[in-house]
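Me: Hey, can you walk me through a structure I've got open? I'll just fire off questions as they come.

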Amino acid sequence: MSVWALGLNHTTAPLDLRGRFAFALDQIAPTLQSLRTSFASGRHPAVEAAIISTCNRTEIYCAADHAAALDHTVGWLAESGGVAPALLRSHAYTLHDDAVARHAFRVASGLDSMVLGEAQILGQMKDAVRAAESAGALGSTLNQLFQRSFAVAKEVRTATEIGAHSISMAAAAVRLAGQLFEDIKETRVLFVGAGEMIDLAATHFAAKEPKSITIANRTLERGEKLATRFGGTAMRLADLPARLADFDIVVSCTASTLPLIGLGAVERALKQRKHRPMFMVDLAVPRDIEPEVKALEDVYLYTVDDLAQVVQQGQANRQAAVAQAEVIIDAGVQNFMHWLGQRGTVPLIQQLNAQTDEWRAAELARARKLLAKGESVDAVLEALSRGLTQKMLHGALAELHAGDAAAREQTAQTISRLFLRSEPRKER
């Protein structure tokens, strides 16, 4: 069994390229079906697959009982994002076997995140695994890989202080907003979207008690539900262009494939605000806010990549925890590779069990016939044991008499190791 992975993240690919390969959670199942269909048409049937897609990364994990069809995976992903395979390769990383396990364990533990030690990625990985499972794409090998990654992540967070000093994207956004506005209590804050990231950001901003909080969402009911938690109000996404000028701070994170806030809308909002500054944070991949907005004089626009320097502050204090985490991950990788190696012997073990069951059934049937004929129990037991012994040793003895001297010597060593091993002395 072979496992391989293809991915790109915040350290290897720019934001706009990552946006081409971002998959919303409800897109994962049909995307996996498309990938596995492409494998089948390429004569690579029965490929297990899972996709992890967040604002910082898109990664495809695969497993199959044949050599890794990595070129096929690269070609399929490049086509899905509308780019040349060579461009994708220049910004992607490819991993095999133990390197795949190590990477998955580091990702789950928060060691590969933009925010070192952040816990959100673990929930995102679990969502991705559930999506792969519901799509019928998750087999025993990838299931073991991810379940072990979750166990390793739990041990890392329990045994180390890897997440003790982490600064989330939301906290970083609040910190930057505080540098622009003297008092966040005097600001009006708009959140675009109602997902997990917006929930987290709203929690952090609400703690600063802004003048108002508004949630703009495509589904008004979901927006109202989130707004109620923070004493805010909700509005329809369609009303956003007309209302944009009302807000000092705008934080956006939706699953839209196209920008929701364009340059023209922001220019009109600034004119209505008489060019009072606006602080904007685009946490979405692909972007929710057109990148040209950043060039406007009175707008301070930050993307997920722009927040990198803020969230990385204080990393030096966590290096000891990282070293501890790597030790735990090393042990997890060794255990997974041992399990993966054993998977190759499963068919042989099944064949051996089937063969011995067949021998046993044949000798039992013969013994029952002898007993029915009136043979003594001792004689039947003697014949049963002799018959089983002969069947079990036949292949080994035949090999000892076949082949050249070198082959016989190797067979003799194997037989000695299998059949003449000293039994440990039992204490009485």
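Me: Let's start with helix α10. Which exposed residues sit on the face turned away from its buried side?
Reply: Those are E221, R222, K225, T228 and R229. Just keep in mind that this is a predicted model.

Me: OK, and which residues of α10 are buried?
Reply: L220, G223, L226 and A227 are buried; the helix itself covers residues 220–229.

Me: Why do those end up on the same side of α10?
Reply: Because they cover an arc of only 130 degrees around the axis.

Me: What covers the buried residues?
Reply: The cover includes helix α9 plus two strands, β6 (212–217) and β7 (233–236).

Me: What does G231 do just after α10?
Reply: G231 takes a positive phi there, about 65 degrees.

Me: Switching to pockets. How much space lies in the largest pocket?
Reply: About 1100 Å³. Its lining has 40 residues, and F23, A24, L25, T254 and A255 lie nearest the centre.

Me: How does that lining split by class?
Reply: It has 19 nonpolar, 14 polar and 7 charged residues. Elements that each supply at least two of the lining residues include α9 (196–206), the helix that also helps cover the buried residues of α10.

Me: And what volume does the second largest pocket have?
Reply: About 410 Å³. It's lined by 15 residues, with L352, M392, A396, L418 and F419 the closest to its centre.

Me: Which helix gives the most to that lining?
Reply: α16, with 6 residues. α15 (346–372) and α17 (405–419) each supply at least two as well.

Key: Residues are numbered from 1 along each chain as its sequence is written. This is a predicted model: local features need pLDDT of at least 70, side-chain atom pairs count only at pLDDT 80 or more; totals for chains, interfaces and linings use all residues. Side-chain values use heavy atoms; hydrogens and water are left out. On a 1 Å grid over the protein atoms alone, a cavity is a set of points where a 1.4 Å probe fits but cannot get out, and a pocket is an open set with protein on both sides within 12 Å along at least five of seven lines; lining residues have an atom within 4 Å of a point. Grid points are joined across faces, edges and corners, and a volume is the space filled by probe spheres set on the points. Helices (H or I, at least four residues) and strands (E, at least two) are DSSP runs, numbered from the N terminus. Ala, Val, Leu, Ile, Met, Phe, Trp, Tyr, Cys and Pro count as nonpolar, Asp, Glu, Lys and Arg as charged, and the others, Gly among them, as polar. Buried means under 20% relative accessible area, exposed over 50%, partly exposed in between (1.4 Å probe, protein chains only). The arc is that of the directions from the helix axis to the C-beta atoms. Contact means heavy atoms within 4.5 Å.
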